[in-house]
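Open the model in your viewer and keep the sequence panel beside it. The stops below say what to select and what to look for at each one.

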Amino acid sequence: MREELLRELAPQVLVRRYGRFDACEDAVQEALLAAATQWPKDGVPDNPKAWLVTVASRRMIDEIRSEEARRRREVEQAYEEPPEVSDQDDTLTLLFMCCHPALTPASQISLTLRAVGGLSTAEIAGAFLVPESTMAQRISRAKATIKKSGATFELTPNRLDVVMHVLYLIFNEGYTATSGPDLHRADLTGEAIRLARTVRRLLPDDGEVAGLLALMLLTDARRAARTSVDGALITLDEQDRSLWDKDLIGEGVELVTAALSRGPLGPYQLQAAIAAVHTEEGETDWPQIVALYELLARVAPGPMVTLNRAVAVAMARGPREGLALLDTIEGLDGHHRLHAVRGHLLEMAGEERAARESYARAAALTASVPERRYLEEKGRPRP
């Protein structure tokens, strides 16, 4: 018996008929095993090759029939009555899986923004203030790590912190898009709020989860007043407050008030408290906002906190103090918000030329069309 020749030719015959080399190879191996068992007893057939091809073909037909039966069962199951939906949302499960302990915190957030939030790589890079190529590599490595190590739904304090940070970034990207023609992406803010509500249903006594949801609601309440009919940006102090969503404000204030009464204080509760002060009737209580930002700077220090604190200090104590605080910020020189705030404070201080230069620099750094138009207008010389 020319076994080597049969091993070579039999798969070719089957592949021509069935077009699946790997499965054909398995069938031929089974046929060879059958030959090794039967031929010593029954004798070698007149046409060994035809015998092997016939046996292997039968094995292939059995396999194909088995697969077809499995597919029919899957289709039938798909059309059956869907199972009862549990409190554990599928999207939330995916969210926690993306926050797998095998990933670094930065990779957890990046992957979740991509897989759950649906953000582009460029948008995620903008949220992290890193080049797009760097973010693409980070997401690719995160996917590979998840695939290699596996992922499970597991609720731990560390993973909850990452999940909340992810939702916070998704909401921020939706509320002020880093690029594109629109200032707001309601699909992202709506999804972030939906997921935050889901997390809160799972953890109704967690103050920071309540604070995060309150922050989103209080911020999203201003959405309708943030742009004009033609899409132009309207700053907070110029917004028509009658357009603010009173129901969202009421829910947000109730949430943060209850959360602050329980303690301990966390960054989301403090940011929600600041947002709540902005919704109060009458003149804005800037000294109270400064005090809250100073507390936030101790709980969760960072350049963006200092940037926002500088605005509050300028409003409460004058632009010079705010500008001095801006000079302490490191790592934001390439971000448009730093230069936009500097332009605003310089304008408050009466330094028109320097203010226009800062506005122009900010406009060159943003990829958001509404923000760029607003900043370009602010940077033009006044008649």
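**Stop 1: strand β1.** Select G180, which sits in strand β1, residues 179-180. This is a predicted model. Is G180 buried or exposed, or in between? G180 counts as partly exposed because its relative accessible area is 22%, and buried would need a value under 20%. Now add V369 to the selection. The two residues are 189 apart in sequence, yet the C-alpha atoms of G180 and V369 are 5.9 Å apart in space. Setting aside neighbours within four places in sequence, the contacts of G180 are A367, S368, V369 and P370.

**The whole chain.** Zoom out and colour by secondary structure. The chain has 18 helices and 2 strands. Of its 383 residues, 42% count as buried. If only contacts between residues at least 6 apart in sequence are considered, 59% of them join residues at least 24 apart.

**Stop 2: helices α5 and α7.** Select residues 105-115 for α5 and residues 132-149 for α7. At what angle do the axes of α5 and α7 cross? The crossing angle is roughly 95 degrees, and the axes come within 9 Å. Helix α5 is therefore roughly perpendicular to α7, since angles of 65 to 115 degrees fall in that class. To see the contact itself, show side chains for A106, S107, S110, L111 and R114 on α5, and for M135, R138, I139, A142, K143 and I146 on α7. By type, the residues of this contact between α5 and α7 divide into 6 nonpolar, 2 polar and 3 charged.

**Stop 3: helix α10.** Select L212, a residue of helix α10. L212 is buried because its relative accessible area is 2%, with the cut-off at under 20%. Which residues does L212 contact, leaving aside neighbours within four places in sequence? They are M164, L167, Y168 and Y268. For one of these, M164, draw a distance to L212: the C-alpha atoms are separated by 7.4 Å, and the two residues are 48 apart along the chain.

Stay on α10 and move to T219, which also lies in that helix. T219 counts as buried, because its relative accessibility is 10%. Not counting residues up to four places away in sequence, T219 touches F171 and Y175.

**Stop 4: helix α11.** Select residues 246-262, which form helix α11. At 1.5 Å a residue, its 17 residues should span 24 Å, and the end C-alpha atoms are 25 Å apart, so the two values agree. Show side chains for the buried residues of α11: L248, I249, G252, L255, V256 and A259. Then turn the view to look down the axis of α11. The buried residues fall within an arc of 135 degrees, so they line one face of the helix. An α-helix has 3.6 residues a turn, so residues three or four places apart point the same way.

What lies on the face of α11 turned away from its buried side? That face carries the exposed residues D247, E254 and S261. For the buried side, display the covering elements as well: α9 (186-202), α10 (207-220) and α12 (267-278) are among what covers the buried residues of α11.

**Stop 5: two loops.** Select E280, in the loop between α12 and α13, the latter being residues 286-299. E280 counts as partly exposed because its relative accessibility is 39%. A distance drawn from E280 to I249 reads 9.7 Å, C-alpha to C-alpha, for residues 31 apart in sequence. I249 was shown at the previous stop, among the buried residues of α11.

The last selection is G334, in the loop between α15 (319-326) and α16 (336-348). Is G334 buried or exposed? G334 is exposed, because its relative accessible area is 60% and the cut-off for exposed is over 50%. Add L365 to finish: G334 and L365 are 31 residues apart in sequence, with C-alpha atoms 7.1 Å apart in space.

How values were computed: Residues numbered from 1 in each chain as written. Predicted model: local features only at pLDDT ≥ 70, side-chain atom pairs only at ≥ 80, totals over all residues. Heavy atoms only, no water. Axes fitted to C-alpha atoms, helices over the stretch in contact; angles between N-to-C directions. Helix = DSSP H or I, 4+ residues; strand = E, 2+ residues; numbered from the N terminus. Parallel < 35°, antiparallel > 145°, perpendicular 65-115°, else oblique. Contact = heavy atoms within 4.5 Å. Nonpolar A, V, L, I, M, F, W, Y, C, P; charged D, E, K, R; others polar. Expected span 1.5 Å × (residues − 1). Buried < 20%, exposed > 50% of the residue type's maximum accessible area, 1.4 Å probe, protein only. Arc of directions from axis to C-beta.
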